[in-house]
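Please look through the sequence and the model below before reading on. The paragraphs that follow go from one group of residues to the next, and it may help to find each residue in the structure as it is named.

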Amino acid sequence: MRAQSSATAATRIAVDPRVALPSKAPGTGGTLQAALGVTAFSLTFPATAWGLEGFGPWALVAVRCVLAAVIAGGCLLVLRVPVPQRRHWAGLAVVAAGVVVGFPLLTTLALRTSTTAHAAVVVGLLPLTTALLSALRMGSRPSRIFWAAALAGAAAVVAFTVQQSGGALTAADLYLFAALLVCAAGYTEGGRLARVMPGWQVIGWALVLCLPAAVPAAAVALSYEPAHLTAHSVAGLLWVAAGSQFLGLVVWYRGMAAIGIPRASQLQLAQPLLTLVWSVLLLGEHLTVAAPLTAAAVLVCIAVTQRARG
């Protein structure tokens, strides 16, 4: 009877490509996908700064959500992806609230008065917060070595980014800390859902879920914050919509499903440093000599967390 059940399950997977395959053991493929997601995310703050050159903060967030939802909805429609089961919609709502709406809106509001270097503090704390929420939500228990390396990496990133911004705290920090919490919740829930459905469908359905509210929100926001299109503002909008909001999250959730949420989250320790590199190249900001030293420390922490067994 057991053999017959196994054969039936195998046949169903072979015939129906929509059936989610079980997560494989951690490997280089999952790490690479998570790293690609981090690279895409590292461009978010500079691209947002570009977008704010021609859009108001509310209009930028609403329009990026509409564009990303149209891209995701088109992919779901063309591939005839079935609607998720009812039990998954609550988790998709958490992903939508945290990743699609909350984090973009709060960080965009913060970037009106904060530099990208200062805003990178929130990204430095995000891996640790995601690992903590994952432990609470999913009952995972990483090892002590994992936590020690994670805390060391987070401390290094925070010290570097605070030093880069002169150590000054601004009113934008309230937005950044709130963004940290909602994004960690969205990542945790999205990583859990990516174990039962393809990662791109997780963010795809979360975006589609927001579309009915995003369209009127974009219309209202644009009426109060008229757009002034420039090359920078259009390029920034397109990247945060297609790159950060959809493609980056697709590979990110796939990576989390493959290697686990805590381990994947530690790859984001490198994100603030990448953001600072992009800030130099795209925004003309300057780095200190502390950058390579911090980068080396962060890479060591990432290596330790990837090898530590949780």
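In this predicted model, a good place to begin is Phe103, which has a relative accessible area of 14% and is therefore buried, since buried means under 20% relative accessible area. Phe45, with a relative accessibility of 4%, counts as buried too.

Which kind of pair do the rings of Phe45 and Phe103 form? A pair of aromatic rings is described by the distance of the centres and the angle of the planes. The model holds 6 aromatic pairs by the rule used here. For the rings of Phe45 and Phe103, the centres are 6.5 Å apart and the planes stand at 20°, so this pair is stacked, because planes under 30 degrees apart count as stacked. Phe45 lies in helix H3, which covers residues 44-51, while Phe103 lies in helix H5, so the pair ties together parts that are 58 residues apart in sequence.

A further pair, again with a partner in helix H5, is formed by Trp89 and Trp205, whose ring centres are 6.0 Å apart and whose planes are at 75°, so that this pair is edge-to-face; the word applies because the angle is over 60. Trp89 lies in helix H5 and Trp205 in helix H9 (residues 199-224), so the pair ties together parts that are 116 residues apart in sequence. Trp205 counts as buried at 10% relative accessibility, whereas Trp89, at 26%, counts as partly exposed.

Ring pairs also link residues into a group: Phe41, Tyr187 and Trp252 are joined by them into a cluster.

Returning to Phe45, we can ask where Thr275 lies and which residues it is in contact with. Thr275 is found in helix H12, made up of residues 271-283, and it is buried, with a relative accessible area of 2%. If its neighbours within four places in sequence are left aside, Thr275 is in contact with Ser42, Phe45 and Pro46. Phe45 thus appears both in the stacked pair with Phe103 and among the contacts of Thr275.

The last stop is a loop, the one between helix H4 (57-78) and helix H5 (89-110), where Arg80 is found. Is Arg80 buried or exposed? With a relative accessible area of 71%, Arg80 is exposed, because exposed means over 50%. The backbone of Arg80 also deserves a careful look, as its phi is near 55°, which is a positive value in a residue other than glycine.

Technical notes:
Residues numbered from 1 in each chain as written. Predicted model: local features only at pLDDT ≥ 70, side-chain atom pairs only at ≥ 80, totals over all residues. Heavy atoms only, no water. Helix = DSSP H or I, 4+ residues; strand = E, 2+ residues; numbered from the N terminus. Buried < 20%, exposed > 50% of the residue type's maximum accessible area, 1.4 Å probe, protein only. Contact = heavy atoms within 4.5 Å.
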